[in-house]
Amino acid sequence: MTSSGEPRRRRRADAERSRAAILDAAVRLLRQRPDAGMEAIAAAAGVTRQTVYAHFSSRDSLLVAAVDRITEDAVAAMDAAALDEGPARAALLRFLDASWRSFEDNAPLLQAAPTGTPGDGEQARHEPVAERLARLVERGQRAGEFAPGLPPRWLVAMTVALGHAAGDEVGSGRMTSSEAETALRTTVLRVLGAAEGPPDSHDRPDRA
């Protein structure tokens with residue numbers, strides 16, 4: 001029993017490593033070449049095209065998995081920004097900074113990803129982000145930094161919608177990334193009823 005179980009575990013571990021390598025390569029390549037096909041992704045991952053299809057039945061399914069990967073990375077960046085610490089306004093700006101940096105890094109990939117993913121995949125992808133933002137909004141309301149009265153989840157929905165709108169403006173060429181980021185920060189602060197004064201030195205991480 002033990003001898004037969006060990007090869008299965010090795011095969012499973014090998015398959016997981018292969019899938020991770022394909023996803024890593026897909027994210028790297030699609031950031032630069034959003035029209036890259038499965039063959040190019042396979043070459044970037046150092047595997048055959050058949051191996052890619054063994055893990056992902058179509059290019060769309062691979063794109064969805066790549067978006068899931070960059071969402072996980074964005075959530076990790078938010079956690080690194082210590083959203084539960086310090087004034088809520090400063091934490092909100094750190095949240096927006098982490099979100100926007102993820103957008104800037106991955107805009108071509110996000111634009112290439114299929115829309116209208118079946119089922120609850122899109123909602124599940126956004127839930128960890130919404131949960132962290134809701135916690136931050138509630139904290140700011142309790143501290144009197146954000147306007148009370150409106151449901152936190154409504155303010156979260158508004159913030160997410162504004163983020164998508166800013167991304168759409170950049171994608172259409174109507175605004176530069178810098179213009180959209182500034183507009184997003186200003187508008188979100190207003191929506192949440194936060195002070196609009198100049199950010200202090202702790203509001204956003206050093207980009208150097």
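## Salt bridges and a buried asparagine

Let's start with Asn106, which is buried: its relative accessible area is just 3%, under the 20% cut-off for that label. Keep in mind that this is a predicted model. Besides Asn106, the main topic here is charged pairs, and there are 6 salt bridges in the count. Why might such pairs form at all? Side chains of opposite charge can pair when their charged atoms come close.

**Asn106 and its surroundings**

- You'll find Asn106 in helix H5, which covers residues 88-112.
- Which residues does Asn106 touch, leaving aside those up to four places away in sequence? They are Val27, Arg31 and Ile70.

**Asp79 with Arg132**

- Asp79 pairs up with Arg132 in a salt bridge, and their closest N and O atoms sit 2.7 Å apart.
- Because Asp79 belongs to helix H4 (residues 59-80) and Arg132 to helix H6 (residues 121-142), this pair ties together parts that are 53 residues apart in sequence.
- Is Arg132 buried or exposed? Arg132 is buried, at a relative accessible area of 17%, because anything under 20% gets that label.
- Its partner Asp79 is partly exposed, with a relative accessible area of 43%.

**Glu127 with Arg153**

- Another salt bridge joins Glu127 and Arg153, with 3.3 Å between the closest N and O atoms.
- Glu127 is in helix H6 and Arg153 is in helix H7 (residues 152-172), so this pair ties together parts that are 26 residues apart in sequence.
- Glu127 counts as partly exposed at 33% relative accessibility, and Arg153 is partly exposed too, with a relative accessible area of 44%.

**Glu131 with Arg135, and a network**

- Glu131 and Arg135 form a salt bridge as well, their closest N and O atoms being 3.7 Å apart.
- How many residues apart are Glu131 and Arg135 in helix H6? They are 4 residues apart, so about one helical turn separates them.
- Glu131 has 39% relative accessibility, which makes it partly exposed; Arg135, with a relative accessible area of 36%, is partly exposed as well.
- Which residues are linked in a network of salt bridges? Asp84 joins Glu131 and Arg135 in that network.

Notes. Residues are numbered from 1 along each chain as its sequence is written. This is a predicted model: local features need pLDDT of at least 70, side-chain atom pairs count only at pLDDT 80 or more; totals for chains, interfaces and linings use all residues. Side-chain values use heavy atoms; hydrogens and water are left out. Helices (H or I, at least four residues) and strands (E, at least two) are DSSP runs, numbered from the N terminus. Buried means under 20% relative accessible area, exposed over 50%, partly exposed in between (1.4 Å probe, protein chains only). Contact means heavy atoms within 4.5 Å. A salt bridge is a side-chain nitrogen of Lys or Arg within 4 Å of a carboxyl oxygen of Asp or Glu.
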